[in-house]
Amino acid sequence: MIGVDDAATYLSVPVRFIRRLVFERRIRFYKVGKYVRFEQADLDAFLEAEAVEPVKVAWRGGRAEVA
């Protein structure tokens with residue numbers, strides 16, 4: 001299990017963003033006493049859930065169309 005600082009480093013985001021995710025309960029976390037901890041598998045699952053798949057765009061007549 002890793003702490004907030006290490007989770008921020010792992011995800012390459014500021015600590016404040018991690019704390020906001022916890023506050024909004026958008027990421028799985030564990031309370032150990034007064035400390036917030038994460039499992040690396042939960043951080044990986046968060047990244048996978050937030051992934052956006054690319055789309056192919058075709059230009060026709062000066063307008064973009066999703067192909």
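Which residue just after H1 takes a positive phi? I looked it up: Ser12 does, with a phi of about 60 degrees. Note to self: this is a predicted model.

**H1, inside and outside**

I went through helix H1, residues 4-11, for burial. Val4, Ala7, Ala8 and Leu11 are buried there. Looking down the axis of H1, I found these buried residues within an arc of 100 degrees, so they line one face of the helix. On the face turned away from that buried side I noted two exposed residues, Asp5 and Thr9. Then I asked what covers the buried residues of H1. The cover includes H2, strand S2 (35-37) and helix H3 (40-49).

**H1 against H2**

Next I checked how H1 sits against helix H2, residues 15-23. Their axes come within 8 Å and cross at roughly 110 degrees. An angle from 65 to 115 degrees counts as roughly perpendicular, so that is how H1 lies to H2. From H1, I listed Val4, Asp5, Ala7, Ala8 and Leu11 at the contact; from H2, they meet Val15, Ile18 and Arg19. Sorted by class, I get six nonpolar residues, two charged ones and no polar ones in this contact.

**Arg60**

Last stop was Arg60, which I found in strand S3, residues 57-60. Its side chain makes a polar contact of 3.0 Å with the side chain of Glu65. I also checked Arg60 against Tyr35: they are 25 residues apart along the chain, and their C-alpha atoms are separated by 55 Å.

Methods
Residues numbered from 1 in each chain as written. Predicted model: local features only at pLDDT ≥ 70, side-chain atom pairs only at ≥ 80, totals over all residues. Heavy atoms only, no water. Helix = DSSP H or I, 4+ residues; strand = E, 2+ residues; numbered from the N terminus. Polar contact = N/O pair within 3.5 Å; in protein donor to acceptor, adjacent residues only side chain to side chain. Axes fitted to C-alpha atoms, helices over the stretch in contact; angles between N-to-C directions. Parallel < 35°, antiparallel > 145°, perpendicular 65-115°, else oblique. Contact = heavy atoms within 4.5 Å. Nonpolar A, V, L, I, M, F, W, Y, C, P; charged D, E, K, R; others polar. Buried < 20%, exposed > 50% of the residue type's maximum accessible area, 1.4 Å probe, protein only. Arc of directions from axis to C-beta.
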